[in-house]
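I opened this notebook to record a few look-ups on helix packing, the ligand site and the backbone. The entries follow the order in which I went through them.

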Amino acid sequence: MNPYAWLEQSLATIHRADWYRSVQSIHGGAGATVVLTRSEVINFASNDYLGLAGDDRLIQAATTAIQNFGTGSTGSRLLSGHRELHGELETAIASLKQTEDALVFSSGYLANLGAITALVGKRDLILSDEYNHSSLKNGAILSGAAVIEYPHCNVAVLKSRLQEVRQSYRRCLIITDSVFSMDGDLCPLPTLLDIAEEFSCMLLVDEAHATGVLGKNGAGCVEHFGCTSQQLIQVGTLSKALGSLGGYVAGSQNLIDFLRNRAATWIYTTALSPGDTAAALEGIKIVKQEPTRRHRLWENINYLQNLIEHLPLKILPSESAIICFQVASAAEALKIGNYLKESGIFAPAIRPPTVPTSRIRISLMATHQPSHIEKLVEVLKDFG
Ligand SMILES: *Cc1c(COP(=O)(O)O)cnc(C)c1O
């Protein structure tokens, strides 16, 4: 029997459920409008919240770093891959986050895997929000700790589970997205911090969609809730609002020192490339120096929220640049996604297994013009 025959059957099952996915090419530069194969569309599918991925200053910083240091970093950080640029980037992240130190990983996904697997193991417990990002869920599985998923943002259930089982385990780690990536709502951070303290748990928040977007200085959800001084493990990415590639963990000196010694996804992988590192550093500089970008993003968020308030759409509650409306089925989501694309709007259908219920996901950028948002609303109205 052909040991690979199951692949074809499995793919057929994926097709039947309307869960099949494939890539599509974007031509030209990153921006609020992009060119797909057949046409130019307004881009509501990007995580480039501040429009920095196509910014000349980041492009220049990356180009200069490549010219000075080469394309590859040539080794892991602990061997031959570390450069002063990495240290500067880590200092800049720690300064933005107001933490003692930070550690840069090759992606946000690897930052979560590395941090979680280093912090807990077989004798420990993880409590994880059911809507957490894949990198948190897989980090939890990989760690070997006992994992309990609690209903989305349900602090009552979280607390009662801790009352039942906390004493059976050595260390305990609560993990959560800060802005939930497929819904756009926020975790109840102050309450989570109280619960973490009461039950002696560590708390890890993933600020992927909050950094550069939320908080007075763009530091994220932790700053938004005024929790900056609290002991926390903050994870994030350099590849969304910061316009580059890579991830990080920010926190106390002890936490970061420990991760440098124990996080396998940091120790045994090649250091972030000079170009990516320099672009991220420039991105953070701009986040700090140009709050007007963030203000423009929020003007766009508020503008869209006001315009769609009265449309007959099932809008999910959001306090971020991610705005979703629910649709009946995966097939329906695909149909609407295609209709939007044909109408000049790029907003993807998000289907199971990424989310429990299918939806159209819209993400806003600081560089969207009011006319872009008005066009989106017109098309949504027509469809309704
Ligand atoms: C995008 C994302 C990540 C992964 O970050 P990358 O740098 O793209 O690997 C992790 N967590 C959340 C919540 C995300 O949305």
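Entry 1, helix pairs. I count an angle of 65 to 115 degrees between two axes as roughly perpendicular. The model I am reading is a predicted one.

I started with α5 (residues 108-119) and α10 (residues 253-262), whose axes are 10 Å apart and make an angle of about 95°. That angle falls in the range above, so I log α5 and α10 as roughly perpendicular to each other. On the α5 side, I found Gly 114, Ala 115, Ala 118 and Leu 119 in the contact, and on the α10 side Leu 255, Phe 258, Leu 259 and Arg 262. Sorted by class, the residues of this contact are 6 nonpolar, 1 polar and 1 charged.

Next I looked up α12 (residues 274-289) with α13 (residues 291-308): the axes come within 5 Å and cross at roughly 75°. I therefore put α12 down as roughly perpendicular to α13. Which residues of α12 and α13 meet? I listed Ile 286, Val 287, Lys 288 and Gln 289 from α12, and Pro 291, Arg 293 and Arg 294 from α13. The class count for the contact of α12 with α13 is 3 nonpolar, 1 polar and 3 charged.

The last pair I checked was α14 (residues 330-342) and α15 (residues 370-383), with axes that come within 11 Å and a crossing of roughly 130°. I label α14 oblique to α15 because this angle fits none of the other classes: under 35 degrees, over 145, or 65 to 115. I noted the crossing of α14 and α15 as right-handed. Ile 336, Tyr 339 and Leu 340 are the α14 residues that meet Val 379, Leu 380, Asp 382 and Phe 383 of α15. For the contact of α14 with α15 I recorded 6 nonpolar residues, no polar ones and 1 charged.

Entry 2, ligand. How many residues surround the ligand? I have 15, and the closest are Gly 108, Asp 206, His 209, Thr 237 and Lys 240. I then went through some polar contacts. In the side chain of Lys 240, an N or O atom is 2.6 Å from an oxygen atom of the ligand. At Tyr 109 the partner is a polar backbone atom, 3.0 Å from a ligand oxygen atom. For His 133 I found a polar side-chain atom 3.4 Å from a nitrogen atom of the ligand.

Entry 3, backbone. I kept in mind that most residues other than glycine have a negative phi, and that most peptide bonds are trans. Where does Thr 74 lie? I placed Thr 74 in the loop between α2 (56-69) and α3 (77-81). Its phi is near 70°, a positive value in a residue other than glycine.

I also logged a cis peptide bond between Pro 352 and Pro 353, with omega about 5°. Pro 353 belongs to the loop between β13 (349-350) and β14 (359-363).

Definitions and conventions:
Residues are numbered from 1 along each chain as its sequence is written. This is a predicted model: local features need pLDDT of at least 70, side-chain atom pairs count only at pLDDT 80 or more; totals for chains, interfaces and linings use all residues. Side-chain values use heavy atoms; hydrogens and water are left out. Axes are lines fitted to C-alpha atoms, for helices over the stretch in contact, and angles run from 0 to 180 degrees between N-to-C directions. Helices (H or I, at least four residues) and strands (E, at least two) are DSSP runs, numbered from the N terminus. A crossing is left-handed if the near helix is turned anticlockwise from the far one by less than a right angle, and right-handed if clockwise. Contact means heavy atoms within 4.5 Å. Ala, Val, Leu, Ile, Met, Phe, Trp, Tyr, Cys and Pro count as nonpolar, Asp, Glu, Lys and Arg as charged, and the others, Gly among them, as polar. A residue is near a molecule or strand if one of its heavy atoms lies within 4 Å of it. A polar contact is a pair of N or O atoms within 3.5 Å; within protein, one must be able to donate a hydrogen and the other to accept it, and residues adjacent in sequence count only if both atoms are side-chain atoms.
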